[in-house]
Amino acid sequence: MEITDAIKQRRVVKEFKQDPVPDDILYRIIESARWAPSPFNTQPWEFIIIKNRKTLKKLAKCAPMHECNAPMAIAVVILPITARYPFHQQVGEPEHAGAMAVQNIMLTAWELGIGTAWATIEKDKVKQILNIPDEFDVLTVIPMGYPLVEPSMHEETDRLPVEDLMNFEEFTGISEGRIMVY
Ligand SMILES: Cc1cc2nc3c(=O)[nH]c(=O)nc-3n(C[C@H](O)[C@H](O)[C@H](O)COP(=O)(O)O)c2cc1C
């Protein structure tokens with residue numbers, strides 16, 4: 001699959017078959033995460049693979065908008081880089097890098113026929129459930145599995161037109177109607 005096709009075709013998936021994701025597929029997905037860029041190549045991430053049913057149920061309760069029945073999930077833990085790169089830490093770069101790793105995960109999973117979603121989580125609760133120390137952040141928990149139904153293609157109108165997003169040389173304002181998105 002071309003990367004541009006994966007980018008355009010990927011859909012958020014919230015309903016899953018219960019078939020397990022094979023370990024070799026999971027390995028390929030995490031392999032793609034490790035190649036994401038990060039500040040000074042600090043690679044400030046760890047991935048927790050969760051398959052335990054009880055833990056998954058507890059986690060689902062920490063993502064109010066995201067009740068789902070995934071057979072597994074990946075929690076993305078972010079390590080601080082304060083000691084060596086305080087400015088980068090202060091402006092949130094480890095989390096930005098983590099989000100880039102998540103995108104790699106989502107696109108590779110999609111290429112391999114696996115559905116994912118970004119769940120907005122109650123971080124303190126997730127950290128407690130997964131035994132993540134206070135000094136680390138948890139970015140998201142990604143539910144993952146084979147989609148229950150074939151995801152539909154995006155409509156062209158699912159995203160704003162390119163012309164509406166482009167500014168030249170300086171910020172020239174937002175297109176009319178855009179504010180309605182929020
Ligand atoms: C930072 C972020 C947070 C999100 N939080 C949630 C969420 O809490 N619940 C949910 O169902 N989807 C969540 N999503 C998924 C978006 O709703 C979804 O990506 C968007 O509607 C576009 O759909 P698509 O991914 O199928 O193109 C989130 C996505 C991002 C990038």
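# A tour from the ligand outward

The shell around the ligand consists of five nonpolar residues, two polar ones and one charged one. To see this shell, select Arg11, Val12, Met65, His66, Ala117, Trp118, Ala119 and Thr120. Keep in mind throughout that this is a predicted model.

**The nonpolar core**

Keep Ala117 and Trp118 of the ligand shell on screen and add isoleucine 142. Apart from residues up to four places away in sequence, isoleucine 142 touches Ala117 and Trp118, and also Ala73, Ile74, Val102, Ile105 and Thr116.

Next, colour Ala73, Ala75, Val76, Ile105, Val141, Ile142 and Met144. In the largest nonpolar core, which has 35 residues, these touch the most other members. Two or more residues of this core come from each of helix 2, strand 1, strand 2 (72-78), helix 5 (93-111) and strand 4 (137-145). Which element gives the most to this core? Helix 5 does, with eight residues. In soluble globular proteins, nonpolar side chains tend to be buried together.

**Helix 2 against helix 5**

Now show helix 2 and helix 5 alone. Their axes are 7 Å apart, and the packing angle is about 145°. The crossing of helix 2 past helix 5 is right-handed. On the helix 2 side, select Arg28, Ile29, Ser32 and Ala33; on the helix 5 side, select Ala101, Asn104, Ile105, Thr108 and Ala109, since these residues make the contact. By class, the contact residues are five nonpolar, three polar and one charged. Ile105 of helix 5 appears here and is also among the core residues that touch the most other members.

**The loop after helix 2**

Follow the chain out of helix 2 (23-33) into the loop that leads to strand 1 (45-50); glutamine 43 is in this loop. Is glutamine 43 buried, exposed or partly exposed? Glutamine 43 is partly exposed, because 18 other C-beta atoms lie within 10 Å, and the partly exposed class falls between 12 or fewer for exposed and 20 or more for buried. Its phi is positive, about 50°, although this residue is not a glycine. Beyond its neighbours within four places in sequence, glutamine 43 contacts Arg34 and Ser38. Select isoleucine 78 as well: its C-alpha atom is 9.1 Å from that of glutamine 43, although 35 residues separate the two along the chain.

Phenylalanine 40 is also in the loop between helix 2 and strand 1. Phenylalanine 40 counts as exposed because it has 11 C-beta neighbours inside 10 Å. Draw a distance from phenylalanine 40 to tyrosine 85: the C-alpha atoms are 8.8 Å apart, with the two positions 45 residues apart in sequence numbering.

**Two further stops**

Go to the loop between helix 6 (123-130) and strand 4 and select asparagine 131. Asparagine 131 is not a glycine, yet has a positive phi of about 65°. How many C-beta neighbours does asparagine 131 have inside 10 Å? There are 7, so asparagine 131 counts as exposed.

Finish at helix 1 (residues 3-9), where isoleucine 3 lies. Isoleucine 3 has 10 C-beta neighbours inside 10 Å and therefore counts as exposed. Add glutamate 111 to the selection. Isoleucine 3 and glutamate 111 are 108 residues apart along the chain, and 8.6 Å separates their C-alpha atoms.

Methods. Residues numbered from 1 in each chain as written. Predicted model: local features only at pLDDT ≥ 70, side-chain atom pairs only at ≥ 80, totals over all residues. Near = placed C-beta within 6 Å. Nonpolar A, V, L, I, M, F, W, Y, C, P; charged D, E, K, R; others polar. Helix = DSSP H or I, 4+ residues; strand = E, 2+ residues; numbered from the N terminus. Contact = placed C-beta atoms within 7 Å. Core = buried A, V, L, I, M, F, W, Y, C linked by C-beta atoms within 7 Å. Axes fitted to C-alpha atoms, helices over the stretch in contact; angles between N-to-C directions. Left-handed = near helix turned anticlockwise from the far one by under 90°.
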